[in-house]
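Reader: I would like a close look at a single part of this model, followed outward into whatever surrounds that part. Please take your time over the answer and keep the pieces connected.

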Amino acid sequence: MSKKITIEPVTRVEGHGKVTIHLDDNNQVEQSRLHIVEFRGFERFVQGRPYWEAPVLVQRLCGICPVSHHLAAAKALDVIVGAGTGDGLTPTGDKMRRLMHYGQMFQSHVLHFFHLASPDLLFGIDGDPALRNVVGIAIKHKELAVQAVMMRKYGQEIIKATAGKKIHGTGAIPGGINKHLTQAEKDYLLNGDDPMNIDKMIDWSLGALEFFKGYHAQNKDLIDKFAAFPSSHVSLVRKDGAMDLYHGVLRGVDSEGNKVLNDVDYQDYLQYIDEEVKSWSYMKFPYLRSIGKKDGWYRVGPLARMNTCDFIPSPLAQKEFEIFQAYTNGKPNGMSMHMHWARLIEILHSAEMMKELLNDPDLMSGELTVTGTKGREGVGLLEAPRGTLFHHYRINNDDQIEMANLIVSTTNNNTPMNTAVNLAAKQFMNGQTEITEGMMNAVEVAIRAYDPCLSCATHALGKMPLEAIILDANGKELDRKLKNG
Amino acid sequence: MSKPIIATTSLAGCFGCHMSLLDIDERILDLIELVEFNKSPIDDIKTFTKQCDIGIIEGGCCNSENVHVLKDFRKNCKTLVVIGECAIMGGLPAMRNNNAPISECLEEAYLNCVSVQANEEKIIPNDEELPMILDRVYPCHEIVKIDYFLPGCAPRADLIWNALVALVTGNEMDLPYEVIKFD
């Protein structure tokens, strides 16, 4: 007797989503889908707004990484106001934005790893759902919970110092930034009372990596085999191949490490990237045009960045990167759960970069903005916590937005997440007559590894919650289970 | 006495209000002592397992699923608190109410989009698994009765904290001018 399983809402992810899994007569997974069920319509309703509103309007796609949208929009508008394509700002403008971005990367990765994903590791995929959450962490692993809370707070304080407020700030403007860092802010962030200072954050970042590596050694099967699959990987890298989360050229590698995007200028992204529309999800399916719809999909995010860059330009993170690379003998790493490992290396890198920037005198004085010859169209890309984020705007003679196109990080990961869901469903459900809560959570663990931001993904009108509906081969509903049963 | 029970949800919002709730920082550990959590995106409780004392709602209603969840919250929570501009008046997503009919929004995203170059069949997502999109974005109070409104985009963490503690302890709310921002 065949069945359909629906998991709704998907929880401990940002935003709303739903999974459907069809099992055939022999209880084998026949089809699985991650649906993005909300649509908002940003591309259309920002039309007609003055272009300088874009960085504050469009960041309201997402309250988890608003800084990413804020800065990607500002970068696209830099091009429009004639301030260059990512390298034309004043040192102050460039570095303040970078500090804001590293603060964002730090807090978002911490939120994901500690608050949302770590309960699966600490309590087990099939652990007691009543405990398997951040409250359970606070009760059972208080010290870890305190670190999580304080690390996130630190990142948010960096954002407040650079953007004016913690959520939906206003720091970046076309052509630069609107404030300097003050001495008081600098002192607080560099040498605040324990634990609110940068050295403690670097310490704790190293500690989190040690924790993960210890867990990995004890749980190799889960971390190495769960939802692992080969794929291409795409991210920005600095011109010399270094990891750069704020600006660079687009690089793609295939599962063997061959370049499929050869450090190209992202202003021309339309030559390389296209998106497929499928009727069952509001989220589109991007792919590399050179490879085609079927096989051109790729992964973005922390794992992809480890696979594309040649080195990390900060010493402690570089050391960890070498260990990470050595694990797969320098070949691209396709293990979904290694996304957590990669994320922790980026937490460390962000902390190191924040320390370097906080000591930089350019943040405290110097010109804030530049202007140049105005154009009509601009593209802004950066590496958001979840991966490469594309913003593209065109304006008319009255300075109104005429066209807006967004490809958000999570959209880039659409096919990979569906692949991971399918693998997890097959691994845990094939041949099972009874579907348990733990099996359904396994599917969510696969999604969670990608840290999907379904809030962002639904910009087009949107929503992602987990309920499993079980249908027979004729589509008749046999059973419906909610995660908490 | 048992702990007050809290449920939270994000409808057509951006999760920024939930993030602002997390911005109470260290006090989150006190909150965990003070209350019990039920249905919420931060845990794995997908449907209400008991009557709750306080329901916290972020975001307005842009589709049938939002309306369903909101009504479910009204039914299962004694007190409903909406947080942020989207829940209170539709917020940014409600910009489509003025100048962008839903059909145009869908066409812009899936048919006219510059990075959708090969949608020959002119597919616009439409599947029984996708909830119905509403004609416009509705604020929560147009759908159900709301007891408290906390403004801001996002409401400041101190505002959420002060209001929540007052509700949980039964004291009067202490909401000084400085913590209330309308942005």
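Which residues have the most contacts inside the largest nonpolar core, and how many residues does that core have?

Author: This is a predicted model, and what follows should be read as a description of that prediction. The largest nonpolar core has 204 residues, and those with the most contacts inside it are Ala424(A) and Ala446(A). Helix 13 of chain A, residues 338-358, gives this core its largest share, namely twelve residues. In soluble globular proteins, nonpolar side chains tend to be buried together.

Around Ala424(A), once residues up to four places away in sequence are set aside, the contacts are with Ala227(A), Ala442(A), Val443(A), Val445(A) and Ala446(A). Ala446(A) therefore appears twice in this account, as a residue with the most contacts inside the core and as a residue that Ala424(A) touches.

From the core one can turn to helix 13 of chain A and the helix packed against it. Helix 4 of chain A, residues 91-123, packs with helix 13 of chain A at an angle of about 145 degrees, the two axes being 9 Å apart, and the crossing of this pair is left-handed. On the side of helix 4 of chain A the residues that take part include Leu99(A), Tyr102(A), Phe106(A), Val110(A) and Phe113(A), while those of helix 13 of chain A include Leu344(A), Ile347(A), Ala351(A), Met354(A) and Leu357(A). Charged residues also belong to this contact, among them Lys95(A) and Arg98(A) from helix 4 and Arg343(A) and Glu346(A) from helix 13; by class, the contact has 13 nonpolar, five polar and four charged residues.

A sheet comes next. Three strands of chain A form an open sheet in the order 1-2-3, with antiparallel pairing. Strand 1 (3-7) and strand 3 of chain A stand at the edges with a single partner strand each, so one side of each has no neighbour in the sheet. From one strand to the next the twist averages 10 degrees. Five bridges join strand 1 of chain A to strand 2 of chain A, and Ile7(A) has Val19(A) in strand 2 as its bridge partner. Six bridges join strand 2 (residues 18-23) to strand 3 (residues 29-35) of chain A, with Leu23(A) standing opposite Val29(A). These two strands form a hairpin with five residues between them, and Asn27(A), in the turn, has a positive phi of about 60 degrees. Across strand 2 and strand 3 of chain A lies helix 15 of chain A, residues 414-429, which runs at about 140 degrees to strand 3.

Helix 14 of chain A, residues 409-412, contains Thr411(A). Thr411(A) counts as buried because 27 C-beta neighbours lie inside 10 Å. Between Thr411(A) and Glu275(A) there are 9.5 Å in space, C-alpha to C-alpha, although the two are 136 residues apart in sequence.

Finally, the second chain. Chain B has 55 residues in contact with 62 residues of chain A. The elements giving two or more residues to this side of chain B are helix 1 (16-22), helix 2 (27-34), strand 4 (61-63), helix 3 (64-76), helix 5 (95-99) and helix 6 (102-110) of chain B; by class, the side has 32 nonpolar, eleven polar and twelve charged residues. Within helix 6 of chain B, Cys105(B), Leu106(B), Glu108(B), Ala109(B) and Tyr110(B) are buried. The buried residues of helix 6 of chain B pack against helix 1 (42-45) of chain A together with helix 5 of chain B.

Key. Residues are numbered from 1 along each chain as its sequence is written. Chains are lettered from A and ligands numbered from 1 in the order in which they are written. This is a predicted model: local features need pLDDT of at least 70, side-chain atom pairs count only at pLDDT 80 or more; totals for chains, interfaces and linings use all residues. Two residues are in contact if their C-beta atoms, placed from the backbone, lie within 7 Å. Helices (H or I, at least four residues) and strands (E, at least two) are DSSP runs, numbered from the N terminus. Ala, Val, Leu, Ile, Met, Phe, Trp, Tyr, Cys and Pro count as nonpolar, Asp, Glu, Lys and Arg as charged, and the others, Gly among them, as polar. A residue is buried if 20 or more other C-beta atoms lie within 10 Å of its own, exposed if 12 or fewer, and partly exposed in between; C-beta atoms are placed from the backbone. A nonpolar core is a set of buried Ala, Val, Leu, Ile, Met, Phe, Trp, Tyr and Cys residues joined through C-beta atoms within 7 Å. Two strands pair if DSSP finds at least two bridges between them. Axes are lines fitted to C-alpha atoms, for helices over the stretch in contact, and angles run from 0 to 180 degrees between N-to-C directions. A crossing is left-handed if the near helix is turned anticlockwise from the far one by less than a right angle, and right-handed if clockwise.
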